Amino acid sequence: MTSMVIVGGGECGARAAVTLRESGWTGPIDLFGAEPHLPYERPPLSKRVLLDDACHDTPAAVVDPSVFTELSITHHKGIEVTDVDRETGEIVAGDGTRVPYERVLLATGATPRMLPAAAGHSKARVLRTHDDLRRLHADLRSARTVTIVGGGFIGLELAASACTLGCEVTVLEAAPRLLARAVPEPSARQIHERHRQAGVNIRCGVTITAIADVNPGVATSSAAVTLSDGSVIPHDVLIIGIGAQPETTLADKIGLDIANGIKVDQYLTTSDPRILAAGDCCSFPHALYGDNRIRLEAWRNAQDQARIAARNMHGEQLPYTAVPWFWSDQYDLSLQVAGLPSYAASEVVRTRHDDVELRFGLDECGRIISAAAVGPGNAVAKDIRLAEMAIARHATPDPVALADPTATLKQFLR
Ligand SMILES: Cc1cc2nc3c(=O)[nH]c(=O)nc-3n(C[C@H](O)[C@H](O)[C@H](O)COP(=O)(O)OP(=O)(O)OC[C@H]3O[C@@H](n4cnc5c(N)ncnc54)[C@H](O)[C@@H]3O)c2cc1C
């Protein structure tokens with residue numbers, strides 16, 4: 001009997017497997033994951049897990065392991081899918097297994113970028129997997145100085161964690177400001193200021209000219225980054241946080257269309273109608289943003305796409321339309337962004353009574369298309385959730401009412 005095969009046992013793959021069964025597919029489900037773990041959550045890796053003194057051997061599971069047994073999902077742990085034979089309709093796994101498929105979902109995630117100048121250096125680290133986390137966890141406990149290349153989410157969360165652990169932290173960012181791609185400038189400035197207060201040395205607009213590794217044979221040798229202005233920043237640990245590239249090795253090999261990730265249509269179908277892709281690995285057209293092709297590396301996107309892809313594998317034809325949403329926790333602050341601020345033509349700011357600023361992005365027609373805020377703990381969650389609903393409903397709020405903190409956001413949902 002043919003199987004629903006899922007390639008990639010991460011957030012997206014695991015949730016797709018569960019949804020497939022829940023949506024009524026009674027045949028085999030084979031979930032292949034290259035990592036030697038059950039599907040686990042990545043967001044805690046750069047946050048609380050790094051701060052725990054005991055580095056847990058078992059990462060936080062995406063779904064309870066018993067669920068796979070209960071739902072008769074076969075999880076092939078630590079087994080990579082190396083090929084898809086589109087002629088015979090079989091996937092080929094690294095252990096030689098061939099599984100005839102009904103449909104395939106590629107949920108292969110993303111791979112961290114390594115700075116060429118740091119490749120192979122003994123102190124250089126990236127963070128994507130639980131195994132990366134275990135290494136970094138140990139390194140940070142003996143490190144005094146930590147240099148982080150990249151002022152994006154993961155770099156900054158790691159800076160907060162390393163600083164909380166008592167390390168002297170420097171963040172090097174090539175762009176003129178932090179979080180340049182996805183966050184409005186004033187919100188990024190708030191995050192910058194919080195890091196500065198904590199004692200993190202943030203340097204934006206810098207160019208790295210050399211990275212020296214330690215030379216075990218030379219007593220005076222030390223690992224350091226040299227910048228174009230001549231400054232030399234020594235480090236015990238060097239973290240490269242310059243983003244990730246979509247994992248398209250398999251899709252490339254079998255000749256699927258690629259466009260900043262595995263190219264899918266609004267139904268998450270690739271250029272082969274029997275193969276779908278979802279999560280960090282794919283780029284898709286988004287109706288809220290003029291059908292522009294986007295790719296997201298965000299936890300909830302991986303979950304939402306998993307559910308849509310699974311149901312479409314099982315014969316439905318559902319377009320993916322969810323509003324992008326992500327969060328980042330740094331120190332006592334949480335940043336939340338709904339929608340895509342980079343598409344906004346204008347901005348409306350609502351300053352709440354607790355001084356939290358909600359920044360709404362509007363398009364040329366006055367439609368709300370994004371909302372971003374930074375606040376302590378969970379303080380911004382409710383408003384961002386309401387804004388997200390307004391974005392989904394294509395609301396065109398009166399800008400004066402939108403800016404007024406006494407006017408309820410719920411009115412824009414009507
Ligand atoms: C440190 C860290 C912190 C994060 N924090 C946040 C956050 O605060 N907020 C937020 O919104 N998002 C966050 N994210 C992003 C979020 O975790 C990802 O968007 C999500 O994990 C993507 O899920 P995925 O299933 O698409 O990919 P992944 O979780 O990467 O899973 C893909 C899996 O596929 C496997 N694989 C690849 N190729 C093959 C193959 N050929 N055969 C078998 N298996 C294969 C990989 O080994 C991997 O296990 C964070 C990510 C990281 C790394």
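Two residues count as in contact if their C-beta atoms, placed from the backbone, lie within 7 Å. The exercises below concern a predicted model.

**Exercise 1.** Describe the sheet that contains β10, and find which strands helix α5 lies across.

Solution.
1. Five strands, in the order β8-β15-β9-β10-β11, form an open sheet with parallel pairing.
2. The edges are taken by β8 (124-125) and β11 (201-204); each has a single partner strand, so one side of each lacks a neighbour in the sheet.
3. Between β10 (residues 168-173) and β11 there are 4 bridges, in the parallel sense. Here V171 stands opposite I202 of β11.
4. Helix α5 (residues 153-164) lies across β9 (145-149), β10 and β15 (237-240), and it runs at about 165° to β10.

**Exercise 2.** Work out the strand order and the edges of the sheet with antiparallel pairing.

Solution.
1. This open sheet has 5 strands, ordered β21-β22-β25-β24-β23.
2. β21 and β23 (346-351) are the edge strands, each pairing on one side only.
3. On average, neighbouring strands of the sheet are turned by 15° against each other, direction ignored.
4. β23 and β24 run antiparallel and are joined by 6 bridges. In this pair, R350 stands opposite L358 of β24.
5. Helix α9 packs on the sheet, where it touches β21, β22, β24 and β25; the direction of α9 makes about 175° with that of β25.

**Exercise 3.** Check the length of helix α9 against its expected span, then locate its buried residues.

Solution.
1. Helix α9 covers residues 381-392, which is 12 residues. At 1.5 Å a residue the expected span is 16 Å, and the end C-alpha atoms are 16 Å apart, so the two agree.
2. A residue is buried if 20 or more other C-beta atoms lie within 10 Å of its own. In α9 the buried residues are I384, A387, E388, A390 and I391.
3. Viewed down the axis of α9, these residues fall within an arc of 160°, so they line one face of the helix.
4. The partners against which they pack are β21 (325-330), β22 (333-339), β24 (357-362) and β25 (368-376).
5. After α9 comes H394, with a positive phi near 60°.

**Exercise 4.** Decide how the radius of gyration of the protein compares with the globule rule.

Solution.
1. The protein has 10 helices and 25 strands.
2. Its radius of gyration is 22 Å, close to the 22 Å that the globule rule gives for 414 residues, so the protein is as compact as a globular protein of that length.
3. The C-alpha trace spans about 65 × 60 × 35 Å along its principal axes.
4. Of the 414 residues, 45% are buried.
5. Among contacts between residues at least 6 apart in sequence, 62% join residues at least 24 apart.

Notes. Residues numbered from 1 in each chain as written. Predicted model: local features only at pLDDT ≥ 70, side-chain atom pairs only at ≥ 80, totals over all residues. Helix = DSSP H or I, 4+ residues; strand = E, 2+ residues; numbered from the N terminus. Expected span 1.5 Å × (residues − 1). Buried ≥ 20, exposed ≤ 12 C-beta atoms within 10 Å, placed from the backbone. Arc of directions from axis to C-beta. Rg over C-alpha atoms; globule rule 2.2 N^0.38 Å. Pairing = 2+ DSSP bridges. Axes fitted to C-alpha atoms, helices over the stretch in contact; angles between N-to-C directions.
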